[in-house]
Amino acid sequence: MSNITIRLPSTRRTQNQYETGNSYLVTPGDVITEDTDYMRGHGTYCTGDADDRLYSSVAGVVERINKLICVRALKSRYTGEVGDIVVGRVKEVQQKRWKIETNSRLDSILQLSSVNLPGGELRRRSATDELNMRSYLNEGDLISAEVQQVNVDGILSLHTRSLRYGKLSQGCLVIVSPSLIKRRKNHIHNLSCGASIILANNGYIWIYTTQHSSQTEEGDGGFIISNESIPIEDREIICRLRNCIKCLAKRSVVLYDTSILYAYEASTSYKVKQLLDDEVCDEIVNKTIYLLQQANVGNNEY
Amino acid sequence: MAKVMLGESEKWFIIHGIQDDMRNDGRSCEDYRHIEVETGVVSNTHGSSRLRLGSSELLVGVKVELGSPDPKAPTEGLIHFHVDCSPNADPSFQGRGGEDLSANISCILTRIYCNKSSIDLNTLGIIPHKQCWVVHVDVLILECGGNLLDAVSVAVKAALHNTGVPNIQVTDGDEGTQEISLPDDPNDVKFINTINAPVLVTISKVGSRHVVDASAEEELCCNASLVMGVTKRGRTTGMRKMGGGSLDPESIPEMIGTGKNIGRQLHISLDKLLKTEQGMAEDIEKAGYL
């Protein structure tokens, strides 16, 4: 028997309870200061000589470091660095390349020469390979790739030249802000709760079932796609992780394998669909923050 | 609706999930996402409501004006529905891009309200053959997160419930004509009776099961869906099949049964909320958009 809940927004607890300290929020066009002593950083501009005032060009928090003023935007697109892992969706199939959408300012590019051929052959790509591009990656497919190069205009060149990367098969995509993903050495994790996760730097998180392949530790380059049904226990783990990550992202908690695992453990006492409630979400996030702080205290003692 | 793209494997993941009664966010096939409704948010309308369902967000405003009745129904008032898709929801809605969707939704709304019992139009009549109230219901879609039709219908019911029609006095003027006088007090209103107002329930067929309240991704996996207008007592006021796929005639009665059940529950929850809101003190701040 399903339960349809309709409630008033005023019964929702407001965010103000969680704010600590005063943050100086500005919107584009707001005057930050009229003092000429400061140096301009990112997110600011001043208009001409007659006007000495410093304006903000983005919506965000003002940060002042000695004489440098900059505005850190609350919401921004992903700007790539070489070596980052990204998860992207194929938007277009062009002549010798694919256009991939990665939540950045412009679409990224995956050249035909930057993908592994099935079978691992090393040869020059022929016209037949070009005609068969769609059989490998079609519009709408998700891939995991690494940033090879960042062009002058900001367009990222991606490559999937390792068995770790390639087309993604069954799983669940969660989109969060790129700023919430902590930069670590490893972004592809096999979590202890029974699922695997790719925490891409562009804010796309891919949750999938752990491949129990006996061959390589790495992967299969996305050539073996299975569209079979996943067992219900694995599916429940994936859905639970998805809901936990959404809760953490709502409260802007930095996402990495430890924080996600703490949130998962805190959520085991609830049913998966109860995690969609605001109150349950707050409880889980508070527990996670507490556990993270404990862990940090433990680390700092050494 | 808004453009979400899905790869084939993701679609299979969703379809298998629905088969196992565990959707991507853990809901079962008959669960709705959280709905937030607030009425009386737009001050210069006669009635308004704001609704949030998952990631769909809408604003409904109702204004009433004097007009002449339809010659075929001289004692009844009129209701007009208009839907506006804001480019806020999707850049493709700019200019005339959202017209198809708007026309579709307003057409369905008109269809389910166009019967004798949904809204008693006789209460909206003033002087037969000459004057009546014309109710304009304007829906503004701010965000598309799947299941727009259900969200629109719940918001419209809430807004109509909140609509106060001015209490008009008809007096006999000179030479046999009748004069209308509007009250001075803006609070001298009569609220529209929405006891029988229907609510839309969309039942989407995915694989061999059907789901209620499909999210934007689930809508991409569904080929055919049934939209029905259901009243509080579980009676159907209109039905339409959407989508290019086919529906097995044997599964349709099951889907209709689900739709009626869900419709009844939606009405119960919504009526409970509207009653609570009415009972709340006047000075409780409306959450609105800030």
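Student: How do you know that strand 15 and strand 18 of chain A pair?

Tutor: Strand 15 of chain A is joined to strand 18 (residues 204–209) of chain A by 4 bridges, and the two run antiparallel. Two strands pair if DSSP finds at least two bridges between them, so 4 bridges meet that rule. One bridge partner of Ile175(A) in strand 18 of chain A is Tyr204(A). Strands here are DSSP runs of E with at least two residues, and helices are runs of H or I with at least four, each numbered from the N terminus.

Student: Before we go on, what kind of model is this?

Tutor: A predicted one, in which local features need pLDDT of at least 70 and side-chain atom pairs count only at pLDDT 80 or more, while totals for chains, interfaces and linings use all residues. Side-chain values use heavy atoms, without hydrogens and water, residues are numbered from 1 along each chain as its sequence is written, and chains are lettered from A and ligands numbered from 1 in the order in which they are written.

Student: Thanks! What makes strand 15 and strand 16 of chain A edge strands?

Tutor: The sheet is open and antiparallel, with 4 strands in the order 15-18-17-16 (chain A). Strand 15 and strand 16 (188–190) each pair on one side only, which makes them its edges.

Student: Why is the pair Arg184(A) and Asp257(A) called a salt bridge?

Tutor: The term asks for a side-chain nitrogen of Lys or Arg within 4 Å of a carboxyl oxygen of Asp or Glu. The closest N and O atoms of Arg184(A) and Asp257(A) are 3.7 Å apart, so the pair qualifies. Arg184(A) lies in the loop between strand 15 and strand 16 of chain A and Asp257(A) in helix 4 (residues 257–267) of chain A, so this salt bridge ties together parts that are 73 residues apart in sequence.

Student: How do you know that Arg235(A) and Asp20(B) form one too?

Tutor: Their closest N and O atoms are 3.9 Å apart, so this pair also fits the cut-off. Between chain A and chain B the count is 4 salt bridges.

Student: What makes a residue part of the contact between these chains?

Tutor: Having heavy atoms within 4.5 Å of the other chain. By that rule, chain A gives 40 residues and chain B gives 37.

Student: And how do you know that strand 1 of chain A pairs with strand 1 of chain B?

Tutor: Strand 1 of chain A and strand 1 (residues 35–39) of chain B share 2 bridges in the parallel sense, so the rule of at least two is met. Arg7(A) has Glu36(B) as its bridge partner there.
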